[in-house]
Amino acid sequence: GFGAGSPATQVVIAGVFGALGCNLGSIPAYEIGAWGGRPAVERFGKYIWLNRGHLDMAHRFFERHGGAAVFIGRLLPVVRTFIALPAGIAEMNRTRFHIYTFAGSLPWCLGLAFLGFKLGEHWTTLGAYFHRFDLVIGLVLLGGVLWFVISHLRQRKQS
């Protein structure tokens with residue numbers, strides 16, 4: 001049931017507070033992006049193959065699809081941690097950013113709260129299995145970085 005102290009109520013409360021924590025935790029990254037991200041990329045971006053065109057493209061993307069990008073990004077491991085910075089750089093509307101951050105974080109936090117409740121004392125035993133996903137996520141990120149570097153080197157060679 002959903003009585004005041006029921007497990008279901010506790011899971012929902014934990015999920016809501018977790019999603020609120022995601023919002024609070026995303027404020028510094030969003031603000032860094034909004035206040036200094038664009039000038040920093042314009043000044044130093046050439047060292048990581050980013051330019052004003054990339055910024056303009058990201059700005060247009062967040063104008064059109066920012067809500068969906070933040071919502072979906074908050075549902076994905078790893079991506080959820082970094083979505084605030086590009087949203088800030090692209091100057092996504094703060095209110096919309098926080099609404100979509102909360103909406104995308106809530107299922108994630110509810111899922112973690114539910115898992116924590118269900119797995120309870122077995123969490124330390126299961127931790128070893130979850131660490132295997134760290135390697136997969138790391139390899140996917142490494143692959144993305146390698147693709148980015150190789151495609152820019154090829155593009156540079158063709159120019």
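Here are legends for a handful of close-up views of this structure, which is a predicted model.

**View 1. Helices α1 and α2 packed against each other.** Helix α1 covers residues 7–44 and helix α2 covers residues 52–75. Their axes sit 12 Å apart and make an angle of about 170°. Angles over 145 degrees count as roughly antiparallel, so that is what α1 is relative to α2. On the α1 side, the contact comes from Cys22, Ser26, Arg38, Val41 and Glu42. On the α2 side, look for Arg52, Leu55, Asp56 and Arg74. Sorted by class, this contact has 5 charged residues, 3 nonpolar ones and 1 polar one.

**View 2. The aromatic pair of Tyr30 and Phe97.** Searching the whole structure turns up 1 aromatic pair. The ring centres of Tyr30 and Phe97 are 4.8 Å apart and the ring planes meet at 35°, so the pair counts as tilted. Tyr30 belongs to helix α1, while Phe97 belongs to helix α5 (residues 94–119). With these positions 67 residues apart, the pair ties together distant parts of the chain. Are the two partners, Tyr30 and Phe97, buried or exposed? Both Tyr30 and Phe97 are buried.

**View 3. The largest nonpolar core.** In soluble globular proteins, nonpolar side chains tend to be buried together. Here the largest such core has 10 residues: Tyr30, Phe62, Ala69, Val70, Ile83, Ala84, Ala87, Ala90, Met92 and Phe97. Which elements give two or more residues to this core? Those are α2 and α4 (84–89). Helix α2 supplies the largest share, with 3 residues. Both rings of the aromatic pair, Tyr30 and Phe97, turn up again as members of this core.

**View 4. The surroundings of Val70.** Setting aside neighbours within four places in sequence, Val70 is in contact with seven residues you can pick out by name: Phe62, Ile83, Ala87, Met92, Phe97, Tyr100 and Thr101. Of these contacts, Phe62, Ile83, Ala87, Met92 and Phe97 are listed in the largest nonpolar core along with Val70.

**View 5. Gly53 in helix α2.** How does Gly53 count, with a relative accessibility of 39%? Partly exposed means between 20% and 50%, so Gly53 lands in that class. Gly53 and Glu42 are 11 residues apart along the chain, and their C-alpha atoms are separated by 9.7 Å. Glu42 is also one of the α1 residues in the contact with α2.

**View 6. The backbone at Glu91.** Glu91 sits in the loop between α4 and α5. Phi of Glu91 is near 60°, a positive value in a residue that isn't glycine.

Definitions and conventions:
Residues numbered from 1 in each chain as written. Predicted model: local features only at pLDDT ≥ 70, side-chain atom pairs only at ≥ 80, totals over all residues. Heavy atoms only, no water. Axes fitted to C-alpha atoms, helices over the stretch in contact; angles between N-to-C directions. Helix = DSSP H or I, 4+ residues; strand = E, 2+ residues; numbered from the N terminus. Parallel < 35°, antiparallel > 145°, perpendicular 65-115°, else oblique. Contact = heavy atoms within 4.5 Å. Nonpolar A, V, L, I, M, F, W, Y, C, P; charged D, E, K, R; others polar. Phe/Tyr/Trp six-rings, centres within 6.5 Å; stacked < 30°, edge-to-face > 60°. Buried < 20%, exposed > 50% of the residue type's maximum accessible area, 1.4 Å probe, protein only. Core = buried A, V, L, I, M, F, W, Y, C linked by side-chain atoms within 4.5 Å.
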